[in-house]
Amino acid sequence: MAQKNQPSVSGFSVYQDKHGRDVYYDFITKNGYLILESNAGQFSLYQKRFIIPLIVFALLLNYRIGSFYFDIYIAALAAIIVLVGLEFLFRFRFLRSLTVIPNFRPERKTSYLEQINETNEKNVLLIKALLYLLFGVLLAVYAFMKEITELELIIMLIISVVICIYGIIYLVALAKRKK
């Protein structure tokens with residue numbers, strides 16, 4: 001089988017086997033899961049299963065229905081439910097639909113920045129970086145403008161910093177990109 005030039009997915013715990021195929025390595029089961037191009041979109045969604053609950057938390061914390069608003073405990077509970085639900089779907093539904101490579105030993109590990117560069121075009125990297133940074137800054141500005149408790153402000157600022165870090169990662173990947 002000929003090796004392909006570009007991986008279809010990137011991220012943590014994603015490797016290529018000796019045939020050049022993308023494999024997700026699950027450190028819990030010590031198995032590899034073959035990711036085909038047809039599964040790449042779904043896999044990319046599940047890779048964000050830890051950031052999506054943060055977004056849900058931030059949105060619910062700032063959402064009001066008439067005089068009812070979601071306090072920090074309801075928003076946190078909803079975020080935990082989303083996290084558990086996504087993890088359950090990932091482990092017991094998505095991974096089980098993939099081809100298993102038992103006792104997979106990663107052969108070629110590329111850095112996260114290299115993976116980002118291999119799976120994204122130059123323009124896409126720039127757009128993603130700018131959008132992440134813009135969203136992070138706007139979220140911080142919104143948090144300061146809104147009348148919220150100190151704990152809620154701290155949480156919103158932490159989420160904002162995490163989002164900005166993603167933007168910076170994309171900028172660094174763009175700067176290190178080979179022409």
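Strand 2, which spans residues 22–26, has five of its five residues buried, so this strand is largely enclosed by the rest of the structure. The model is a predicted one, and strand 2 offers a convenient place from which to start reading it. Burial here concerns both faces of the strand, since Asp 22, Tyr 24 and Asp 26 on one side, and Val 23 and Tyr 25 on the other, are all buried.

What lies alongside this strand? Strand 1, made of residues 14–16, pairs with strand 2 in the antiparallel sense over three bridges, and within this pairing Val 14 has Tyr 24 of strand 2 as its bridge partner. The hairpin of strand 1 and strand 2 has five residues between the strands, and in this hairpin Gly 20 takes a positive phi near 80 degrees.

Strand 2 also pairs in the antiparallel sense with strand 3, residues 31–35, over five bridges. Two of the partnerships can be followed residue by residue: Tyr 24 has Tyr 33 as its bridge partner in strand 3, while the partner of Tyr 25 in that strand is Gly 32. Tyr 24 therefore serves as a reference point for the reader, being the bridge partner of Val 14 and having Tyr 33 as its own partner in strand 3. In the hairpin that joins strand 2 and strand 3, there are four residues between the strands, and Lys 30 takes a positive phi near 60 degrees.Strand 3 is also enclosed: five of its five residues are buried, so the strand is largely surrounded by the rest of the structure. Its two faces are both covered, with Asn 31, Tyr 33 and Ile 35 buried on one side and Gly 32 and Leu 34 buried on the other. Strand 3 pairs in the antiparallel sense with strand 6, residues 99–101, over three bridges, and in this pairing Leu 34 stands opposite Thr 99.

Asn 31, which belongs to strand 3, can be examined in more detail. Because its relative accessible area is 17%, and buried means under 20%, Asn 31 counts as buried. Leaving aside residues up to four places away in sequence, Asn 31 touches Tyr 24, Tyr 25 and Asp 26, and also Val 100, Ile 101, Pro 102, Asn 103 and Phe 104. With Asn 103 there is a polar contact as well, in which the side chain of Asn 31 reaches the backbone nitrogen of Asn 103 at 3.3 Å.

A contrasting case is found in helix 3, where Val 84 is located. Val 84 has a relative accessibility of 52% and so counts as exposed, the cut-off for that class being over 50%. The C-alpha atom of Val 84 is separated by 25 Å from that of Tyr 112, a residue 28 places apart from Val 84 along the chain.

Tyr 112 leads on to the largest pocket, where Tyr 112 is among the residues that lie nearest the centre, together with Ser 44, Gln 47, Lys 48 and Tyr 166. This pocket has a volume of about 720 Å³ and is lined by 32 residues. By class, the lining has 18 nonpolar, nine polar and five charged residues. Helix 1 (40–47), helix 3 (72–97), helix 4 (112–119), helix 5 (122–145) and helix 6 (150–175) each supply at least two residues of the lining, and the largest share, five residues, comes from helix 1.

Methods:
Residues are numbered from 1 along each chain as its sequence is written. This is a predicted model: local features need pLDDT of at least 70, side-chain atom pairs count only at pLDDT 80 or more; totals for chains, interfaces and linings use all residues. Side-chain values use heavy atoms; hydrogens and water are left out. On a 1 Å grid over the protein atoms alone, a cavity is a set of points where a 1.4 Å probe fits but cannot get out, and a pocket is an open set with protein on both sides within 12 Å along at least five of seven lines; lining residues have an atom within 4 Å of a point. Grid points are joined across faces, edges and corners, and a volume is the space filled by probe spheres set on the points. Ala, Val, Leu, Ile, Met, Phe, Trp, Tyr, Cys and Pro count as nonpolar, Asp, Glu, Lys and Arg as charged, and the others, Gly among them, as polar. Buried means under 20% relative accessible area, exposed over 50%, partly exposed in between (1.4 Å probe, protein chains only). Two strands pair if DSSP finds at least two bridges between them. A polar contact is a pair of N or O atoms within 3.5 Å; within protein, one must be able to donate a hydrogen and the other to accept it, and residues adjacent in sequence count only if both atoms are side-chain atoms. Contact means heavy atoms within 4.5 Å.
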